[in-house]
Amino acid sequence: MSGTATRVPADGGHPAPDTFDALRVQLHDAAAAFAGAPGALDGILRGLVDDVDRALREPLEVFPVCHHSPASATAMARRLRVKQPRTVFLELCEDMAPLLAELRNCRLPVAVQAFATRVDGFPAAWAPLSVVAPITEASAEYQAIAYALETPGVELVLVDRSSDHVFQWQPLREDAGAADPDAAPAEPEAALHGDAVGVELGDLRPRFADLEQHLLRHGKVRHWSEWWHQYVELPLGDADHGTYRQVMFLIGSLFRRLAPGDTDRVRVDEDRERYMWTRIREHLAATGADPADCVYVCGAYHAASRVAEFGVHGTDTFTVPPRTATEWQYGLIPSSHTAIEAQFGLERGSVSIAAAQWEKNLKRTRTQPYRLKGQAGTKASRARKTAAPAPEVGAESADMLSGFLRRPPVLDPLDRQELLGWSVDIVRAARRNGYLASTADAIAVYETAILLAGLRDRARPTPYDFQDAAVTCIEKDTVPGRRDVRRLVEIMMGGDRIGQVGYESLPPLARDVHDRLAPLGLNLQQRGVKRALLDIKSDPRLKPCSDVLWMLRHLLPPGAARPIMGERRLGEQSVQESWDLALGTHQRALIELGYEGVSLEQVVEQRLRREANAPQADAAVVLRTVEDATLYLGSRRLADELGTRALQVLSTERSVDGAPEVLRRVRELLAFYRTTEPVLPEWIEQFAKTGYAHYCTLLPTAFTDEAATVRQVAAMLGFLFSMEGLALSLGSDRTQLELAVAQSHPEEPAKTALLWAAQVQLGRMSREELRGRCDELLANPLVLPAYPRYLSGLLHALEPVPGLVDVVVEAVSNAFARLPDRVLLPWLPVLITTLRAGGADLAPLLTREAGRVFPGQLAALDAWVPPWRAPAVIPAGPARPAARQGVDLLAGHPATCDALAELLGCDDGWAVDEASGGSALLARHPATADALALLLDPV
């Protein structure tokens, strides 16, 4: 569908009744010759002409466009300068209208966004809801917006369904968020829109897969973007208004009639058309505007609509449905060419090539585009302003389709200078990126591009031909981490332009963040990573900046605010910090925070409350929110509120999945409050008491439950033993724990070892008995293969009973000495993973005990005898005279005792009869002292 259009100015007239009769006759004859007799084909072909005729007869001028099409943008700019309409109806969500004036503060491309964090009327699983409408400079919608905002007396009316109706009419699929496991990893710029639903003006692509494949095959192109560029963009780039409209109407009608029967999609499209025409008629009736002074900018697919509500004289049977009670927030977010391509399934690089084609169209047609005044990033057009040609009466009424369809495509002459520049530039770029490219490669790319264009029936190589030639001649191998040649061509053709939302258009929260970080002296709106150094000790003004950065680290995605030096923990705060900040790169995430509140503190508090009150939240999650409230907000009130919530959640739990995390966090909170508060908060006292009874109840079941891991049971015992003193002081009964341990009968070896450790801690088993059981296991060949599992249980037992570290070191040493390799070697990975999982607490204990037991020098290792293998020496009772040695020493040097007595306020003086002192009592009853000596030094 290509050809050279005759330049015929438009005059806004309407076709005569017999305008397309000749074309209908020709199509009827063609259908009869092709199909043998008029039938369905004849009906389709006649229907195409009828759709074009109907759209042209509409009193309100319908301007068909395709999204991000330079040909549509050029035709739009030229038509607006000729007609100067007073009202512009635009196919865009009507609730986004207030944001369009903020575009002048942004650098394109950006996206207009509607966002809802809490939903009312939609399933809760859909939250958050997000709708984006990306806008680029090379688009017809931007030309219409800029014209309306910069021309006094012109009204811009958005007539498409609201963001709320987008989800009412097109519900999310259950697999909408599922990622393709075979898909290549997306570039960071492709995720600028997040998981938002994209709405675009002029979605124009065949919905019939066979039709698209037919067009690609006969057009000798690889993908749809290349076909559209070659057979629509180039022929219509400098076409007159009448030809452009009729061709676009015809394309929209063709794709609409040759579409499969997707009833849901067709229903949504027709409801959108009814909605838009209803809004147009309502506005015309309310303002009294003349349809001849208006223009309706919509997608070519909707311009060929056949609904009864079509046109200003259509029926008024459609009722606009009400919106739900969902509260929507609106803003602008940065976009990029890559994000637009990923959002709408376009070929990578196609939007960048369209932007380059837009610049060529402006130069070729000398069109002066519309741009918002003061907008950053827009280039001043070099096209000379020329007087608009006077419209010829009846020119647009003529049949432009017949001549366009019959005329063979005019091949653009080869621009050797342009192609030569491309070839030199791509070789230069390849060298900079590590390719061994040379002048010979530039010549090869040049000749290959001409060859490929000739094979594809075109004299002038397109950017896609040049891209294929560059890949063929330069990319001889693929090196990880190096840009591929296809990407280099995209960058050379214009690159991936990334938009930016200006400070004035940011939500209050984002502006507040930039204001509070101003003392850092960095341009945080610029993309890229900025290094911030904070010496809080010498400059206390940076302390608020540190607080903001830690909150941003908590709220924003990883990489937006990354600490290099410094940390924030309970009871600790760094005096110097270093940060890598990329707020400009993650501007979308910062803007979306503004939809949740007006300050960071408000957003943090809302998220912590939401997380703590979520139905799936367990005690560990709620305790984490308590810690975060203390770290980031310093709010005792919020921490107490969330702590009370943690107490409620713990009392309702029936599993022990979160026991390790609960133990770690409650220990940290207890240590923090004991060092910073005069008394413990009431909630944490009740948490210790309730948790003591809760875990005592679950302990027997956890020992026998296969789903409960050894680490979880060890964490339960750790909670019970570490919180025992506090719980007993609050009225708990130790009998609960003793009964729970007595009722536990585990079958798994690791849990059995845990039970032994608990019995030792409770005094129901001596350490010698535990050593004896370990020796029995090693001596039993039937149990020998399971011995490493017992050792794993003893390793986990160091969490609740760290005093058993000497027994654990002894057991591990015996295992290395006596277990055969076939049993020992498979267990070593389990030992390493166990120590890694609990390495913060277990490894130091084992290392310290091993350093105390084992010799410090290698030479002494051969003669070293382990303490547990040395013969036991029972110390004899102290001799009677030895009992007086200490008393004689004190009597001979009384100064120390006198000073201590004076400090304690004792004025009794020294006893005369030494035999009546404590030494005489110990001499008469030595059993107690002997037992104590044996306990302190068992060897």
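How do α7 and α8 run relative to each other, roughly parallel or roughly antiparallel? The legends below take up this question and then visit other corners of this predicted model.

**Figure 1. Helices α7 and α8 cross each other.** Helix α7 covers residues 224–236, and helix α8 covers residues 241–257. Their axes come within 10 Å and cross at roughly 150°. Angles over 145 degrees count as roughly antiparallel. That is why α7 and α8 are described as roughly antiparallel to each other. Their crossing is right-handed.

**Figure 2. Helices α29 and α30 make another crossing to look at.** Here the partners are α29, residues 749–762, and α30, residues 767–779. Their axes come within 9 Å, with a crossing angle of roughly 160°. So α29 is roughly antiparallel to α30. As for handedness, α29 passes α30 in a right-handed crossing.

**Figure 3. Helix α31 is mostly covered.** How many of the residues in helix α31 are buried? The helix runs over residues 787–797, and 10 of its 11 residues are buried. Try finding some of them in the structure: among the buried residues are Tyr-787, Pro-788, Tyr-790 and Leu-791. Others on that list include Gly-793, His-796 and Ala-797.

**Figure 4. Three leucines make a nonpolar patch on the surface.** Leu-900, Leu-903 and Leu-904 make this patch, with an area of about 360 Å². Leu-903 is found in helix α36, which spans residues 895–904. Is Leu-903 buried or exposed? Its relative accessibility is 71%, so Leu-903 counts as exposed.

**Figure 5. Glu-270 and Arg-274 meet in a salt bridge in helix α9.** The distance in this side-chain pair is 3.7 Å, N to O. Both residues belong to helix α9, residues 263–287. Because they are four residues apart in that helix, Glu-270 and Arg-274 are separated by about one helical turn. Glu-270 is partly exposed, with a relative accessible area of 25%. The pair also has company: Arg-267, Glu-270, Asp-271, Arg-274 and Glu-309 are linked in a network of salt bridges. If you enjoy hunting for such pairs, a search of the whole structure finds 46 salt bridges.

**Figure 6. A salt bridge joins Asp-539 and Arg-541.** The side chains of these two residues meet at 3.2 Å, N to O. How covered is each partner? Asp-539 counts as partly exposed, at 21% relative accessibility. Arg-541, with a relative accessible area of 61%, is exposed.

**Figure 7. Glu-724 forms a salt bridge with Arg-734.** In this pair, the closest N and O atoms are 2.4 Å apart. Glu-724 lies in helix α27, residues 724–729, while Arg-734 lies in helix α28, residues 734–742, so the pair ties together parts that are 10 residues apart in sequence. Glu-724 counts as buried, at 10% relative accessibility. Arg-734 is partly exposed, and its relative accessible area is 27%.

**Figure 8. Two peptide bonds leading into prolines are cis.** One of them goes from Leu-108 to Pro-109, with omega near 5°. Pro-109 sits in the loop between strands β2 (87–93) and β3 (110–116). The other joins Ala-127 and Pro-128, and here omega is about -5°. To find Pro-128, look in the loop between β3 and β4 (129–135).

**Figure 9. His-68 has a positive phi value.** Phi of His-68 is near 50°, and this residue is one other than glycine. Where does His-68 lie? Its place is in the loop between β1 (61–65) and α3 (70–83). His-68 counts as buried, because its relative accessibility is 8% and buried means under 20%.

**Figure 10. Arg-366 also has a positive phi value.** For Arg-366, phi is near 55°, again in a residue other than glycine. Arg-366 is found in the loop between α12 (350–365) and α13 (401–406). At 41% relative accessibility, Arg-366 counts as partly exposed.

Definitions and conventions. Residues are numbered from 1 along each chain as its sequence is written. This is a predicted model: local features need pLDDT of at least 70, side-chain atom pairs count only at pLDDT 80 or more; totals for chains, interfaces and linings use all residues. Side-chain values use heavy atoms; hydrogens and water are left out. Patches are made of residues with over 30% relative accessible area and no salt bridge: like charges are joined within 9 Å, nonpolar side chains (Val, Leu, Ile, Met, Phe, Trp, Tyr) within 5 Å. Accessible areas come from the Shrake-Rupley method with a 1.4 Å probe; for residues, only the protein chains shown count as cover. A salt bridge is a side-chain nitrogen of Lys or Arg within 4 Å of a carboxyl oxygen of Asp or Glu. Helices (H or I, at least four residues) and strands (E, at least two) are DSSP runs, numbered from the N terminus. Buried means under 20% relative accessible area, exposed over 50%, partly exposed in between (1.4 Å probe, protein chains only). Axes are lines fitted to C-alpha atoms, for helices over the stretch in contact, and angles run from 0 to 180 degrees between N-to-C directions. Angles under 35 degrees count as roughly parallel, over 145 as roughly antiparallel, 65 to 115 as roughly perpendicular and the rest as oblique. A crossing is left-handed if the near helix is turned anticlockwise from the far one by less than a right angle, and right-handed if clockwise.
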